[in-house]
Amino acid sequence: MIRHLIVVLGDQLDHNASAFDGFDPQQDLIWMAELWEESTHVPSSKQRIAVFLSAMRHFAKELRDRKLPLAYTELDENTAQSNFKSALELALQKQKPQAVIMTAPGDWRVLQSIRQACASNSTPLDIREDRHFFSTVREFAEHAKGRKQIRLEYWYRELRAKHNILMVDGKPEGGEWNFDHDNRESFGRDGPPAIPKPLRFKPDAITREVIRLVNQQFAKHPGHLGDTAEAFGWPVNRSEALQVLQQFIEERLPLFGRYQDAMWTKEPWLFHSHIASSLNLKLLSAREVVEAAQAAWRKGHAPLTSVEGFIRQILGWREYVRGIYWMHMPEYIHGNALDAQEPLPDFYWTADTPMACMHDTLSQTLRHGYAHHIQRLMVTGLYALLLGVNPKEVHAWYLSVYVDAVEWVEL
């Protein structure tokens, strides 16, 4: 008899997640599944699929190494048509648990599928708080109540004060909440200063098998994928994610603020952190990332302008867009206030355009599954806005091509 079936999603890869609170290996079973639908409901890029599948398989190996009971379904031809609802229903019928326990999903569609599967099998569902964020969805809704405008800046200040981040005697360090005005430097005619090489990881046996699978099963999906560190080097487990975070703090954070809005041709990495995929897979927590940046400032390693600008992305923007998503779903995905109806140009999927900034950003995106935030906002995003592209198509493209893409962020 199984007491609890612990559902772990592909973006919940943390051994200390709330779903594991009270876990008893003698009575409970962990359930994970690679599902075709998660790579095809939008045509996910090969880089993105590989990041998720490799990270899931590494996490599953860690669970097995700890001798924890795990039911894990790999994506193969026999499960090619499965989705969350059908896969979980099969698991419930086979395992007959007394209840399903999980950490709150980040995706509305997935949440509805899991609820439907449990309801159809009359299995109680216990959804627990996601502790990887500073705030809860309910706290954001309370903050938004009665406001004519929901401003990121005010939410950010509230969280700063509540969690005592970059604060002294109840006031912001440096006398200002926001140093964005100091973080807009360009590289000038001579280009960027010496840029540290990003930490990239040579694919191990698990990742190489995933790369083979993706190139075989998703051959027509966008992007490029190979088995070298240059072709695919993303962190896919917690140890690697911590190394990337440490390297950013030591080598890139000091100049991050000054150049966070700058671009340069054929320079994809610059001074950005490259940890978004690790954060969204929950290989890193928002709290430890913010604490690492704050500690760097207190040691005099990085200027306040850089540290505040970086922390604002994690503590401010990331918490804000999550709150907005859950406050407005499911209607949010259909929003189109400007009645934009143009289709997304085909060259977004091929980079085949003579426009220099677009070609550079799109080529980089398809090659690495990555572009920094100014390339996303002020190149690909701004062009789509000016052209009048239907926002649902723009969202689907971002969700498809970037390794850090999950719906609550991209939408």
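How many helices and strands does the secondary structure of the protein chain come to?

**Figure 1. Overall fold of the protein chain in the predicted model.** The secondary structure comprises 15 helices and seven strands. The radius of gyration is 21 Å, close to the 22 Å that the globule rule gives for 411 residues, so the chain is as compact as a globular protein of that length. Along the principal axes, the C-alpha atoms occupy a box of roughly 65 × 55 × 45 Å. Among contacts with a separation of 6 or more, 77% link residues 24 or more positions apart.

**Figure 2. Surface and charges of the protein chain.** About 18,700 Å² of the protein chain is exposed, and carbon and sulfur atoms supply 51% of this area. Of the 411 residues, 55% count as buried. The chain carries 46 positive and 52 negative charges, and the mean positions of the two sets lie 2 Å apart.

**Figure 3. The largest nonpolar core, with L253 in close-up.** In soluble globular proteins, nonpolar side chains tend to be buried together. The largest nonpolar core of this model holds 81 residues, of which I30, M32, L253 and F310 touch the most other members. Helix α11 gives the most to this core, contributing eleven residues. Which residues does L253 contact, leaving aside its neighbours within four places in sequence? They are F248, A293, A296, A302, S306, V307 and F310.

**Figure 4. The cis peptide bond between M329 and P330.** Most peptide bonds are trans. The bond joining M329 and P330 is cis, with an omega of about 5 degrees. P330 is placed in the loop between α11 (304-328) and α12 (356-368).

**Figure 5. L166, a residue with positive phi.** Most residues other than glycine have a negative phi. L166 is not a glycine, yet its phi is positive, at about 50 degrees. This residue, L166, is found in the loop between α6 (152-163) and β6 (167-168). Is L166 buried or exposed? With a relative accessibility of 0%, L166 counts as buried, because the cut-off for a buried residue is under 20% relative accessible area.

**Figure 6. K266, a residue with positive phi.** K266 is a residue other than glycine, and its phi is positive, near 60 degrees. The loop between α8 (238-259) and α9 (276-281) is the place of K266. The relative accessible area of K266 is 66%, so this residue is exposed. Thus L166 is buried, whereas K266 is exposed.

How values were computed. Residues are numbered from 1 along each chain as its sequence is written. This is a predicted model: local features need pLDDT of at least 70, side-chain atom pairs count only at pLDDT 80 or more; totals for chains, interfaces and linings use all residues. Side-chain values use heavy atoms; hydrogens and water are left out. Helices (H or I, at least four residues) and strands (E, at least two) are DSSP runs, numbered from the N terminus. The radius of gyration is taken over C-alpha atoms; the globule rule is 2.2 Å times the number of residues to the power 0.38. Buried means under 20% relative accessible area, exposed over 50%, partly exposed in between (1.4 Å probe, protein chains only). Contact means heavy atoms within 4.5 Å. Accessible areas come from the Shrake-Rupley method with a 1.4 Å probe; for residues, only the protein chains shown count as cover. Lys and Arg count as positive and Asp and Glu as negative; His and the chain ends are not counted. The place of a charge is taken as NZ of Lys, CZ of Arg, CG of Asp or CD of Glu. A nonpolar core is a set of buried Ala, Val, Leu, Ile, Met, Phe, Trp, Tyr and Cys residues joined through side-chain atoms within 4.5 Å.
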